[in-house]
Amino acid sequence: MSERQRLILAAAVRVIARTGVRGLRVEELATEAGVSTALIYYHFQDRAGLLRQTLEHVNELAGGYTTRAAAEAANPREELELVLLHEIQDDQATRENSVAWGELRASAVFDESLRVPLGESTRTWVTEVAEIIERAEAAGLAKLDCAPADAAERLTALVEGLSERWLSGSMTIERAQDLLRGAIAVELGGH
């Protein structure tokens with residue numbers, strides 16, 4: 001991917017975070033990115049292509065900050081907590097990324113072209129979380145009553161729901177993080 005494409009996708013995340021997917025206008029995006037609308041269409045063909053690529057970009061960004069969080073962990077259980085909690089942190093980049101993810105996820109209800117890439121992204125995230133849970137169990141830091149994939153599915157769904165509540169002002173970030181920590185303890189067994 002070219003630097004120009006990354007610039008456009010970063011601008012798309014910002015615009016979606018401000019106006020939502022339905023409010024995304026290619027002309028506004030072009031202004032935000034400092035490029036022409038023709039260049040956007042050249043790189044992404046159409047609005048659907050732009051949205052699919054923006055979803056991939058959002059996933060890459062989230063992967064970056066969760067990978068950094070994982071590197072700070074002393075063990076797999078701590079890694080799981082850090083990786084999930086880094087999805088709910090109050091800095092501008094995470095907030096914009098989380099809003100864009102939520103908007104793209106919600107839009108997939110109405111836009112079939114987003115369903116497959118969204119499903120793939122979600123399955124990848126669940127698989128990555130399940131692998132951390134498996135390592136925690138192997139290290140004796142977790143005692144599961146279910147398959148790691150089931151625990152991962154519940155925890156990632158909870159992160160999405162808590163994030164939406166926090167971003168919409170229905171809950172404080174502290175409450176969201178506390179509930180997430182509690183859910184991790186329940187899923188992995190109190191440790």
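Which residues does Glu160 touch, not counting residues up to four places away in sequence? Keep that question in mind while we take a look around this predicted model.

Let us start with the whole chain. You will find 9 helices and 0 strands here, so if you follow the sequence from start to end, the pattern reads α-α-α-α-α-α-α-α-α. The C-alpha trace spans about 55 × 30 × 30 Å along its principal axes. For 191 residues, a compact globule would have a radius of gyration near 16 Å, and the 18 Å of this chain agrees with that.

How does the chain pack? Of its 191 residues, 46% count as buried. Take the contacts between residues at least 6 apart in sequence: 65% of them join residues at least 24 apart. On the outside, the chain exposes about 9600 Å², and carbon and sulfur atoms supply 51% of this area. As for charge, there are 20 positive and 31 negative side chains, and the centres of these two sets lie 4 Å apart.

Now back to Glu160. You can find Glu160 in helix 8, which covers residues 148–167. Is Glu160 buried or exposed? Its relative accessibility is 15%, and because buried means under 20%, Glu160 counts as buried. And here is the reply to our opening question: leaving aside residues up to four places away in sequence, Glu160 touches Trp101, Arg105 and Trp125.

Next, move to helix 4, residues 47–71, where Leu51 is found. Leu51 has a relative accessible area of 2%, so it is buried. Which partners surround it in the contact list? Beyond residues up to four places away in sequence, Leu51 touches Ile16, Val21, Leu24, Leu104, Asp111 and Leu114. You can also look from Leu51 to Arg22: these two are 29 residues apart in sequence, and their C-alpha atoms are 11 Å apart in space.

Our last stop is in a loop. His86 has its place between helix 5 (76–85) and helix 6 (92–107). Where does His86 fall on the scale from buried to exposed? With a relative accessible area of 19%, His86 is buried, because the cut-off for buried is under 20%. Setting aside residues up to four places away in sequence, His86 touches Tyr65, Thr66, Ala69 and Thr94. His86 can also be compared with Thr67, which is 19 residues apart from His86 in sequence and 9.6 Å apart in space, C-alpha to C-alpha.

Notes:
Residues numbered from 1 in each chain as written. Predicted model: local features only at pLDDT ≥ 70, side-chain atom pairs only at ≥ 80, totals over all residues. Heavy atoms only, no water. Helix = DSSP H or I, 4+ residues; strand = E, 2+ residues; numbered from the N terminus. Rg over C-alpha atoms; globule rule 2.2 N^0.38 Å. Buried < 20%, exposed > 50% of the residue type's maximum accessible area, 1.4 Å probe, protein only. Contact = heavy atoms within 4.5 Å. Areas by Shrake-Rupley, 256 points an atom, 1.4 Å probe, with all protein chains shown as cover. Lys, Arg positive; Asp, Glu negative; His and termini not counted. Charge placed at Lys NZ, Arg CZ, Asp CG, Glu CD.
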